[in-house]
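User: Please take a close look at the ligand site of this model. I would like a connected account of what surrounds the ligand and how the site relates to the open and enclosed spaces in the protein.

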Amino acid sequence: MKNVIVGQSGGPTAVINSSLLGVFKTARDRGADIVYGMVHGIKGLLDGKIVDLSKQIKNDLDMDLLKRTPSSFLGSCRYKLPDVEGYEEEYERIFKILNDLEIYAFFYIGGNDSMDTIQKLSDYGKSVNSPIRFMGVPKTIDNDLAVTDHTPGYGSAAKYIASTTKEIIRDGLVYDYPVVSVMEVMGRNAGWLTAAAALAKSEDCEGVDLICLPERVFDLDKFLARVGELCRAKGSAVIAVSEGVKIADGRYVCELADHVDYVDAFGHKQLTGTARFLAAKVAEKYGVKTRAIELSSLQRCASHITSRIDVTEAFNAGGAAVKAAFEGMSGQVITLKRISDDPYMCVTEPTDVRFIANVEKKVPDEWIDEDGMGVKEALVHYIRPLIQAEIAPLWVDGLPRHLILHEE
Ligand code: F6P
């Protein structure tokens with residue numbers, strides 16, 4: 001038997017299901033017998049929650065729908081596997097489950113935290129001479145994975161952010177009295193996503209006024225002074241700020257206002273409320289109308305406005321992981337290598353998971369303005385190809401139709 005298993009882990013994206021489809025279709029095309037899906041990632045596997053994907057994705061229409069379905073079709077988890085020492089039983093359990101299912105290759109679609117799972121499982125597998133291959137398929141809207149040029153999921157989130165920013169700017173500058181709109185963008189400790197707001201600037205849009213990334217220390221007084229100048233010079237302003245901006249003592253700006261109690265298994269605090277906090281500070285200091293706009297999940301589940309480039313690359317990354325595993329590789333993650341900018345071209349390449357697991361790639365300093373409140377053209381140039389072209393939803397009764405997971 002040549003059975004394979006695939007899971008999705010971490011925060012979802014609008015194209016993570018294209019990677020799932022890439023794994024499913026390529027594994028079948030290459031002769032896999034059963035393609036299992038873990039429901040809620042490795043956590044679900046441990047709880048015995050698995051499905052046979054052939055029963056879920058039955059025909060070409062299902063494949064077309066899956067590609068257009070946001071969030072993780074199989075469900076996700078944020079579960080950190082413990083180090084082996086002292087937890088041998090958990091690893092023995094996982095490998096018993098995989099052996100009972102006659103698994104030949106294991107695929108995990110996720111970001112830097114999820115790649116920790118691939119690293120631990122492939123290391124343990126080697127130590128017990130298991131023939132199972134473990135491969136990572138990259139995904140994250142944060143674009144913070146090392147080695148790879150960019151991550152599947154980023155292009156679509158960037159497209160949504162840039163498009164929405166254009167719309168917010170039009171709305172935000174509509175009145176003849178000042179309005180300061182503060183837009184909060186995800187991305188945790190990396191500013192790649194927030195930087196995408198810079199793409200709004202075009203022939204028909206004057207662009208955002210300030211962009212604040214977590215790569216630079218956030219100075220509240222400096223920020224308020226700049227907002228004051230903007231209000232005096234042009235009345236209204238639109239500002240993009242990362243959820244992960246921090247002040248000099250290392251605290252997140254959102255921690256200054258809200259009590260952020262929730263921390264996930266990887267030790268990440270839930271980041272929310274930055275825009276609300278800053279908008280309140282602006283209103284307090286200048287007495288102007290403000291709007292706090294937290295893009296939150298909207299930016300990662302907008303499957304009605306995905307980038308076709310992103311959908312294709314996400315699918316290819318899944319397919320390349322299967323190809324590599326079937327050729328004997330293990331403990332690798334598929335990365336994207338940009339080989340040309342004009343025309344834009346990217347190829348896939350397997351990379352040792354050790355270089356990717358638990359590593360955060362930040363926006364390079366030279367791509368950020370000196371004052372830390374804007375980004376350079378080189379960064380816009382890097383992002384632009386990733387948001388190109390569209391893939392239309394399949395509309396039913398006026399709404400995009402999605403594929404849903406059925407209980408087995
Ligand atoms: O890692 C992807 C991401 O969307 C981050 O940008 C964000 O900080 C985090 O996930 C939110 O995670 P959750 O969905 O667990 O709140």
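Analyst: In this predicted model, a polar side-chain atom of Arg78 lies 2.9 Å from an oxygen atom of the ligand. Arg300 likewise places a polar side-chain atom beside a ligand oxygen atom, here at 2.7 Å. With Gly187 the backbone takes part: one of its polar backbone atoms is 3.0 Å from an oxygen atom of the ligand. Taken alone, the ligand exposes 400 Å², and the protein buries 79% of that area.

Arg78, Gly187 and Arg300 belong to a shell that also includes Ile141, Asp142, Met186, Arg188 and Glu243. Sorted by class, this shell around the ligand comprises five charged residues, two nonpolar residues and one polar residue. Ile141 and Met186 are the nonpolar members, and Gly187 is counted as the polar one. The charged members are Arg78, Asp142, Arg188, Glu243 and Arg300.

As for the open space, the ligand takes up the largest pocket.

The enclosed space is a separate topic. The structure holds one cavity of 30 Å³ or more, and about 30 Å³ of space lies in the largest cavity. Its lining is formed by Ala14, Lys67, Arg68, Ser303, Thr306, Ile391, Ala392 and Pro393. By class, the lining of this cavity has four nonpolar, two polar and two charged residues. The charged pair is Lys67 and Arg68, while Ser303 and Thr306 are the polar residues. Ala14, Ile391, Ala392 and Pro393 make up the nonpolar part of the lining.

Note on methods:
Residues numbered from 1 in each chain as written. Predicted model: local features only at pLDDT ≥ 70, side-chain atom pairs only at ≥ 80, totals over all residues. Heavy atoms only, no water. Near = heavy atom within 4 Å. Polar contact = N/O pair within 3.5 Å; in protein donor to acceptor, adjacent residues only side chain to side chain. Areas by Shrake-Rupley, 256 points an atom, 1.4 Å probe, with all protein chains shown as cover. 1 Å grid on protein atoms, 1.4 Å probe; cavity = no way out; pocket = protein on both sides within 12 Å on 5 of 7 lines; lining within 4 Å. Sits in = over half its atoms within 2 Å of the grid points. Points joined across faces, edges and corners; volume = space filled by probe spheres on them.
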